Amino acid sequence: MDFGSINPFVLVASLMVASVPIILAAIGELVVEKAGVLNLGVEGMMIMGAICGFVTAVETSNPYLGFVGGAAGGAALSLIFAFLTQSLLANQVATGLALTLFGLGLSSLIGQSYVGIKPPLTPEVPFGPLADIPGLGVVLFQHDWVVYFSILLIAAVAWVLKKARLGLILRAVGENHEAAHALGYKVQRIRLLAILFGGAMAGMGGAYISLVRVPQWTDGITAGAGWIALAIVVFASWKPWRVLVGAYLFGGITVLQLNLQAAGSSIPVEYLSMSPYLITIVVLVIMSSGKGRALNAPAALGQNFHASR
Amino acid sequence: MLRKTLLATAAVLAFASAAAAQDKLKACFVYVGPIGDGGWTFQHDQGRLDVEKAFGDKVETAYQENVPEGADAERVLTQMALSGCKIIFTTSFGYMDATNAVAAKFPDIMFEHATGYKRDSANVSTYNARFYEGRAVTGTIAGRMTKSNKIGYIGSFPIPEVIQGINASFIHAKKVNPDVTMSVVWAYTWFDPAKEADAAKALIEQGVDVILQHTDSTAPLAEAAKTPGVIGFGQASDMAEYKPSPRVSAIIDNWGPYYVERVGALLDGTYAQKDTWAGIGGGEVLIGEITDAVPAEVKAEAEALATSIGDGSYHPFTGPLNKQDGSVWLADGEVADDGTLAGLNFYVEGIEGEIPQ
């Protein structure tokens, strides 16, 4: 393969940035699904986060508050989902899809007067001389804080799910909600909190798109990133670190195919564009060909729970 | 029985509303995107507002945003035809078949389809703009302004309109700067801000310092703004919020005059079916203000080129021009005919890479 004049360090640095929105949304959704809830509204929550974060950042001129606003916007939308599925026991798949459509429309309404405005810039974290190390400096020390936050978040979620009591409770609720209920855990309250976390992270991922990656607001700005995040959770077979791998793979291929084109490579664009999806299919086939529950999906995924049953 | 009553009521209502609006001409618009896209659909809506301004209370307008290309479009068009619209503008290529299908059912209503070529019934007209004329001007500025001698072009889809733009840009950049090379990146989207930003970033990382975009969002300009010394151009709309740099000029689609002309013709009874393909001369393509980031002599050169294209003394595709493989396309002084341009599917000599098929 001819990589031409592509600088591998710059490439890695840009794929890290390109992957941040899907990492945040996917790790949030992973926690939600671990609690046994399937929220297909990730795209809607992301775009609500994108506009709420954008509005907050513009009105306060503070890029950090923007991310808080984005997380709040995503969480607020997820609250509707939580109410419908946890209190009214609505079908999760249908509610999630409706949430996406609702989020797309509402964000467009809120964003009417914000088209064409430039948000305050999110600065790089100053690492001083470390940023000037050839190669490594570009890859590791020239990013904004959200890039580091997304990786730390993966580590935190991985640790909590595996080692902490909280993670154990969450998994119990997702694997067998009746047993968890019999043990005295408040299934719906735990799921509500998981949904809110998922909404906040999706919202923050959306805010990253409107504040850092594209720095502007336009209708439909997330352009399907939420669906990719959903696919990555399955791709990662519900394991946090694999979310990072999956997101870097998707982000990496997107950046790489554009770079290869710009560098004048002769590999047809179409093959590169479809490669992440091909890999997802291959991984799914390999995983599901094993014995037992190799796919690792939480057993109660998508099932509603009510204590009276 | 109930159904019959409903239908009758609907017919009476439709008749009543049509009668009420009889003294006013109703002009309707179908948009493929949101008005807030800041580009393509925004400009069509500006055209609609021009119609309102020009004719005041003699017309009323209606529009529908975000209409998908396909079966939905036919439903929306039928609805508009039934609700008293006398002239309907369908503003995206993908509405071609729906427009012709509905037009056949409503021979008294005029249909205007943007960027299409099918005129199956007498009440369908088509209109388009010669965007490549604007590309020639921005290509000239690009060739003069680049310091790395590398310019980049973000293509949407490999269709003739985009290939015209790529060729026109490159020919005119090369004319003023023989060392220039151009990288083309295909985004395979008209509108995906994140992807467009990534494409711009990839080009900048390859040393490109002038970005020409054929996608509709302002994301490539926002990306260019992050790197000092990189410039770009507004696409479809002025994108003035990125003045004076990175946005140094723009190609603006100006549909207003055409919409005013057609609605006016329908009002005074001179309306006739036609196929329009106007450019800088017809006022459909405007060159956005060239900012002070561009040296005065380059600005003058670009403006002179725009003038000569506008008055018809110069055609952007004038020979001698060779195809990419070195074979002769246009002999010295020969001008490309509209038929070839409308189906353009090859690069001119000097552009590297292949057009995806």
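1. In this predicted model, the residues lining the second largest pocket split into 19 nonpolar, six polar and nine charged. The pocket's volume is about 840 Å³. Its lining counts 34 residues, and V17(A), E124(A), K201(B), E223(B) and K226(B) are the closest to its centre.

2. Both chains contribute to that lining. From chain A, α1 (8-34), α9 (187-213) and α11 (240-262) each supply at least two residues. From chain B, α7 (193-205) and α8 (219-226) each do so too.

3. The largest pocket has a volume of about 1,300 Å³. It is lined by 43 residues. Closest to its centre are W40(B), E69(B), S92(B), F93(B) and W190(B). Chain A enters the list of elements giving two or more lining residues with α4 (92-110). The chain B elements on that list include α2 (40-55), α5 (131-145), β9 (231-236) and α11 (338-342).

4. The lining of the largest pocket comprises 16 nonpolar, 17 polar and ten charged residues. Two domains of chain B take part: domain 1 (2-129) and domain 2 (131-252 + 286-342) each give at least three residues.

5. Chain B also holds an open sheet of six strands, paired in parallel, in the order β2-β1-β3-β4-β5-β11. At the edges are β2 (59-64) and β11 of chain B; each has a single partner strand, so one side of each lacks a neighbour in the sheet. From one strand to the next the twist averages 15°.

6. Within chain B, β3 (residues 87-90) and β4 (residues 110-114) pair in parallel over four bridges. I88(B) has F111(B) in β4(B) as its bridge partner.

Methods: Residues numbered from 1 in each chain as written. Chains lettered and ligands numbered in written order. Predicted model: local features only at pLDDT ≥ 70, side-chain atom pairs only at ≥ 80, totals over all residues. Heavy atoms only, no water. 1 Å grid on protein atoms, 1.4 Å probe; cavity = no way out; pocket = protein on both sides within 12 Å on 5 of 7 lines; lining within 4 Å. Points joined across faces, edges and corners; volume = space filled by probe spheres on them. Nonpolar A, V, L, I, M, F, W, Y, C, P; charged D, E, K, R; others polar. Domains from an automatic or database assignment. Pairing = 2+ DSSP bridges. Axes fitted to C-alpha atoms, helices over the stretch in contact; angles between N-to-C directions.
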